[in-house]
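Colleague: I would like a close look at one part of this model, the place where the two chains meet, with enough of the surroundings to set it in context. Could you take me through it in one connected account?

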Amino acid sequence: MKVTNLYKIAVLGVVLTFASCTDLLDVQPRASIDSVTALTTEDAVNAAVNGIYDRLQSTNLYGRDLVAIPEALADNGRATNKSGRLNPEYQNQVNAHFIHWQTSYFAINQANLVLDALPKVEKMTQANKDFVEAQALFIRGLLYFELMRAYAYEPTVEIKEASKGGVPLLKTGVVDATQIKLEGRASINDVYEFIYSDFTNSIAKFTSSGRTATASFANRTAAQAMFSRVALYRGDYTNAAKYATDALATGSVGRFQTRDTYVSAWRSANHPESIFEIQYQTNENIGVNTSLQTTYTTLVASGNRTTTGGFGDLVPTKALLDAYESEKDADGKIITDVRRSLYELGTAGRGTAEIECTKFLGRSGQVNLDNIPVIRVSEMYLNRAEALARSGNAAGALTDLNVIRTRAGLPAATGLTGAALINEILKQRRLELAFEGHRFFDMKRLGLDIVKAAPVQNLNFTDFRVLAPIPTREIQANANLKQNIGY
Amino acid sequence: MMRKNLLSLLFAVFIGLQAFAQDKTVSGKVTSSDDGTPLPGVSVSVKGTSRGTTTDASGVYKITVSGNSTLIFSFIGFTSQQVPVNNRTIIDLQLASDAQELSEAVVVGYGTQSRRTLTGSQASVKGSEIATMPTNTFDKALQGRAAGVQVLGANGTPGGAAQVRVRGVGTIKGGTDPLYVVDGVQINSNSGSAAFTSSNPLNYLNPNDIESIEVLKDAASAAIYGAAAANGVVLITTKKGKSGATKISFDAFSGIVEPTKYLDVLNTQEFIAVRNEALINQSPTTEPAAAMRTTLGAIRLDPALTADQIAALPTYDWQRESYVSGKTSNYSISLNGGSDKSTFYLSGSYNSSDANVRNVDYKGGNINAKISNKVTSRLTVDNSINLSSFIQRGQFGGPAGGSFLGSPTFSAPLILPHNPIYKDDGTYYGTPADGGIAGVLNQNVLMVSDLNKIESRVNQAIASTVLTYKIMKGLSFRPSASVDYRFIKGFNFQDPRTADAFNVRGRIQNQNTENINFILNAVVNYDKQISSVHNISALAGAEYRRDQSENVQQSAEGIPTPQFTVAGAAANPITTFASWTAFKKAGVFGRVSYDYAGKYLLGLTARYDGSSRFGANNLWGFFPGISAGWDLSQEAFLKNNAYVNQLKLRASYGSLGADQIGNFDSRGLYGGGFNYGGVSGIAPTQLANPNLRWEQNVTTNFALDYGLFNNRVQGSVEYFIRTSKDLILDRPVTWLSGYSTISENVGELQNKGLEFDIRTVNVDKSANNRGFKWTTSFNFTQIDNKVTKLYDTLTTLPGRAVDGWIKIGYPVNSIYTAEYAGVNPATGRAMWYDNNGNIIYRLAGNPDSYSKIIGSQIPRYYGGLTNTFSYKGFDLEVFLNYEFGRTVFNNQSAFMAENGGRLFNTLRSIYENRWTTPGQITTVPRPFNGNAEVLGSGITAGSRFYEDASFIRVKTLTFGYNFSRELLKKVKIDRARLYVQGYNLYTWSKWTGFDSEFVNLGSGNNGTIPQPRTLTFGLQLGL
């Protein structure tokens, strides 16, 4: 009796436990899928591409930093210290800089995984594959460029003794630990070559995919326009002009606005001039702490000074505002520049009322919800003007410059050549693209010193703080990676 | 020796035969010497035989014995007695209660064991010791009660979470909670996403229902719980029905809850002065009058105010409107009784407690039913069900508090003091419609607190069925099934009139979490005594557990009017979110205990355990424990020695697993939710590691249990070494890979500790008509925690926060920062030391050049001291607990030290000690706009606000009166006690904030609800 019972129980126990070891403990997640087999279908690849765009929304990238920090580091923006944000960047404190290293490389890995997976996806048309590939290449090129202009010198102004080269180039994706590569920094030239090849291939694949372009997603015009900008940074003026012309061709995305629609363009959900614009849905609202609206203004609507919205942490410097009012007509009266209407007095809700930039004013119909232009058509005229001016074509440059000047309400410039012409182009570039994330990068690519209002000290181009620090953990985790000097 | 044993065996057989020949029936009644009430369920056995019975409902027993045998009466909580029959037929007996009786049965994993033969390390706390504490949950009441068990309230939220650590921290990444097992049911102690409030998963358990709490501390006692036991196991046993006339207990207390402290902050004039100073210090060329105009303008006062007008400005006290007194009350009633065949225990409780902060409270209750039925003489069925429901109102900013503008707990001391709270007409001042209030904290936090609704409701059902089948003498089979079901509903209503929801016209968030935890187990027990000296007890079992949690969330914005408080009425749906997670565990386990005449003790335990959390290559693990003991007091040379009642040496060694990692941490994953343009997107989220396995804790324990001078001095001394190996670390990988980390079993750390506890009866005249009695109990724990191994050749784990530093040779979560060097007497600038001892003004460059380890967040010493005095019917208990060696960042004080650097109010002590004149020696830098001097670091950097969080606290002071039984008999009441109790009465601490007892849930002590002081008046009745 005793033995039989014990025996039965023992058998029961053993059966219970071991008969189905794997089943017994099998649990599959429902909010995720296995990474090895994830990208084998067209649906999955499409979702994976969307997942790359999602990274671009990060406040480290276009969500805020790549738009606002260049204004704070340079001479367009002044920190008000209302929340304290961007004050360190405004003061050019050590380590107060761009921090998009992680997000960029994550997105680059995602793009690499998509590019790696694409040939193996079955039941997907070549046109659809081309469209996916074109987008992945565009975003990868775009992000390598964003890494370069923050962490490395541009080739034309490279300070050889300080330069540690470009950024690491990762060309294939990682799903398991064995695939991790400890890349060092590639040469500046190699990275630019890689970006060129990504954009060139992207343009080709967009063409063969035959898709209708929309500024909300990567498109052929965007690849051309970004090529123009990258070439300008590289000092390759032929390509800067060529790709600007391509991007301005008929049928391209982005419609150049007139003076009448200039302000209203900044009030519509998608800026009509945008060639590539990061989209935000209602549930992706960045919110009251770090959205561009809260960063730039206390207002919730133009002209409404009774309701305080955000912090208004970064406002135009006196120098910038003066520049908008620097031209006088024959009667000595200041000529009204339409672009100055995008700056107005904010509320006193967070402290002293300041004149604030209203380019980001909840254009999607909700406070703190703005789609963010990465590149817009006006820049193409400015890129080409500068490229032509630097290649000795003053007449062509002047034509493009005057497209921007006359639209703003300024008289057409005449007779400018040489440095005077280039200075005027750079001034218009500053006024046209202020608070859109260009100023610091433009000064940096030209090796210019940044002049700040007292008590904040100037930042000379030779200062190590011109380059962003590579995150310390990255240096620790990768012996091949060299930190920028000074950090 | 051998021959002697044989002889005694023969003798026993002979006696047995004799007994058979001369059987007679003995009967009697067993009563309690405390109050003379009958004791049902007392075990009455015949010494040297397996024969035995129990007393019935009226304390009466009947047993057939031989005339010259001896009866052993034993009962949990009473001193057992041996009574020679001496041919009597009626033996009535009074049993004396003794809380510390050595031979009582104690609950161990999956069974019970006599304390005398216990060889593992386990701490016991009686339910009655903690039942009256106003803590909602028993875990907080354990603070200071048991050696080796450290408890810290997460915050002062009623029903809020607590951090319980048994023998230190044995992990870097994993969870540190012990495993909670209530009447055999493993409870899911993860408070889950109790979203909007700090919630304790043990709220469902009425402390009055608790019979005893056992904390299993070493591998020998806990290995039977295998892969889940590394952080210790807390076994809670609830009260059961006892056969006999139905007894009713009624317990109630009621009282007030109040803040322990208000911070002394600046008045309006002082703030204006210091803010002005900060501006002038930053820009010395500014004309004073111009600076004053800027100062006044920025805080929305008329810039043209004269000195006299400034002097006449009023000051408003936001703290005393936010931190307020509240009420607490608790009612608990239980009935228990039954027949010989079936017994029941029914209880119900209701608790309502306010926090010491406006609009934060707890209301809830439970119903508990336990029914036991003897179906046949072999089969017993035990059923229990516990239903509970409670609702908590939480604070703005969620359970972790945080530096939220709208949070009264954070903002009240920091709001600029010239801001009125109410307008003259009694409505709120500074509504968003009016443009807010002046300063960085621009919200009227009382309006935010009053109008918003932040709630979390938990409905929980725990039910179990246990069958006990006696296969034969000494052998029983006990299968059981249990379910622990919890539903948590979070609700957050942001009123459209308050700042955060003003522009979106109101926001509503709902979060629902359902947790189902299902457990099946079966245990076979075997007990055998051979030759009356070899006692063997064996157990084998198997267990299966499945736990799943599902969470659904939504939020919507834009409601028509504030009366609409459901998301359905909102115009814009904003988010929907859902998650699902689960784990499964299975294991087989066994235990063999052997003792030789109670002298030489041996225990073997093992469990083979598997968990779905681990990598495919390492699903299963084996966890053994061995322990041995030698009770010297049972040796001939000490036996019957009046001074030495117990002297037991014991040692144990074993291995335990820790499985508190994410359910899918070993998998390579592509996750959803990476959406763009309204279309779904996916992205890789985790690198795969199929080798991931449990963290292993190897514990060595040496101990001495002693009972001296007729057990008037009792206690234990224990020394342990807990080595935690294969610690799972998120090993950083270069971001170039697209990932931040990979989970790997790479680290190792060690806790070495000493535990000491002593319980003494100092004076005892209580036998003599309730005379004076004084008892003391004291416990002390010292723990040295040290990281011993990281991966590769690392000596420091990268990517850690400065207050969570992991460095070989130092405790886990050390603090690594620059030492604050005070203020340069010449300039008033803040200074720090670099690692060469040089003064620096800016913490820049490589942090290793100026940082060093300045302390640890883990306390080194803790414990408690209880003194109890009773005389006649009066009793007085004073309970102190203490903790030393914990250093924590004081976020709140850091904000309050800005001295006008930003528009925050400041502590008066900081203001009065600020640097103002060259030559002045102080630790408070001069006020400076923006808080960082040119080329200087912010004034709160470095070690300046890492404060010593040590404390000694008068945790409870209780004064009670027991009415005399004679008096009560006339009104047919068994017992009645009235008491007053003070909780958190007084604290000695150097902490400059509200209170140093908090757990950093992510925001430090920013906006944390401080621990309250509670004064209660209570009644305990037995009918």
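Modeller: What follows starts at the contact between the chains, moves to the helices behind it, and ends with parts of chain B.

Please keep in mind throughout that this is a predicted model. The contact draws 69 residues from chain A and 64 residues from chain B. On the side of chain A that touches chain B, at least two residues each come from α1 (2–18), β1 (32–34), α3 (42–56), α6 and α18 (472–477) of chain A. Sorted by class, that side of chain A consists of 33 nonpolar, 26 polar and 10 charged residues.

One of these elements, β1(A), pairs directly with the other chain: three bridges link it to strand β30 (residues 669–671) of chain B, and the two strands run antiparallel. Within this pairing, Asp34(A) lies opposite Leu669(B) of β30(B). The pairing belongs to an open sheet of three strands, ordered β1(A)-β30(B)-β31(B), with antiparallel pairing. Because β1 of chain A and β31 (683–686) of chain B each have a single partner strand, they stand at the edges, and one side of each is left without a neighbour in the sheet. Neighbouring strands of this sheet are turned against each other by 45° on average, when direction is ignored. As general background, strands of a sheet pair through backbone hydrogen bonds, either parallel or antiparallel.

Among the helices that contribute to the contact, α3(A) can be followed in some detail. Its 15 residues should span 21 Å at 1.5 Å a residue, and the C-alpha atoms at its ends are 22 Å apart, which agrees. This helix is mostly covered, with 12 of its 15 residues buried; the buried residues include Val45(A), Ile52(A), Tyr53(A), Asp54(A), Arg55(A) and Leu56(A). The buried residues of α3(A) pack against α6, α7 (126–151) and β3 (274–278) of chain A, together with β31 of chain B. Thus β31(B), an edge strand of the sheet shared by the chains, is also one of the packing partners of the buried residues of α3(A).

Helix α6 (residues 101–117) of chain A, another of those packing partners, can be checked in a similar way. At 1.5 Å a residue its 17 residues should span 24 Å, and its end C-alpha atoms are 24 Å apart, which agrees. Like α3(A), which is mostly covered, α6(A) is mostly covered, and 13 of its 17 residues are buried.

Turning to chain B as a whole, there are 14 helices and 47 strands in this chain. A compact globule of 1023 residues would have a radius of gyration near 31 Å, and chain B has 32 Å, which agrees. Taken along the principal axes, its C-alpha atoms fill a box of roughly 115 × 70 × 60 Å. Of the 1023 residues of chain B, 51% count as buried, and residues 24 or more positions apart account for 68% of the contacts in chain B with a separation of 6 or more.

Chain B also contains an open sheet of five strands, in the order β10-β15-β16-β13-β14, with mixed pairing. Here β10 (122–126) and β14 (185–186) of chain B stand at the edges, each with a single partner strand, so one side of each is left without a neighbour in the sheet. Further inside the strand order, four bridges join strand β13 (residues 179–182) of chain B to strand β16 (residues 233–238) of chain B, and this pair runs parallel. Leu179(B) has Val233(B) in β16(B) as its bridge partner.

Elsewhere in chain B, 10 bridges connect strand β35 (residues 773–789) to strand β41 (residues 861–871) in an antiparallel arrangement, where Phe780(B) stands opposite Gly863(B). In turn, β41(B) is joined by 11 bridges to strand β42 (residues 874–884) of chain B, again antiparallel, and Gly864(B) has Asn881(B) as its bridge partner in β42(B). These two strands, β41(B) and β42(B), form a hairpin with two residues between them, and Lys872(B) in the turn has a positive phi of about 50°.

A last residue to inspect is Ser555(B), which is placed in strand β25 (residues 534–557) of chain B. Ser555(B) counts as buried because it has 20 C-beta neighbours inside 10 Å. Beyond its neighbours within four places in sequence, Ser555(B) is in contact with Arg507(B), Ile508(B), Gln509(B), Ile574(B) and Thr575(B).

How values were computed:
Residues are numbered from 1 along each chain as its sequence is written. Chains are lettered from A and ligands numbered from 1 in the order in which they are written. This is a predicted model: local features need pLDDT of at least 70, side-chain atom pairs count only at pLDDT 80 or more; totals for chains, interfaces and linings use all residues. The expected span of a helix is 1.5 Å times one less than its number of residues. Two residues are in contact if their C-beta atoms, placed from the backbone, lie within 7 Å. Ala, Val, Leu, Ile, Met, Phe, Trp, Tyr, Cys and Pro count as nonpolar, Asp, Glu, Lys and Arg as charged, and the others, Gly among them, as polar. Two strands pair if DSSP finds at least two bridges between them. The radius of gyration is taken over C-alpha atoms; the globule rule is 2.2 Å times the number of residues to the power 0.38. Axes are lines fitted to C-alpha atoms, for helices over the stretch in contact, and angles run from 0 to 180 degrees between N-to-C directions.
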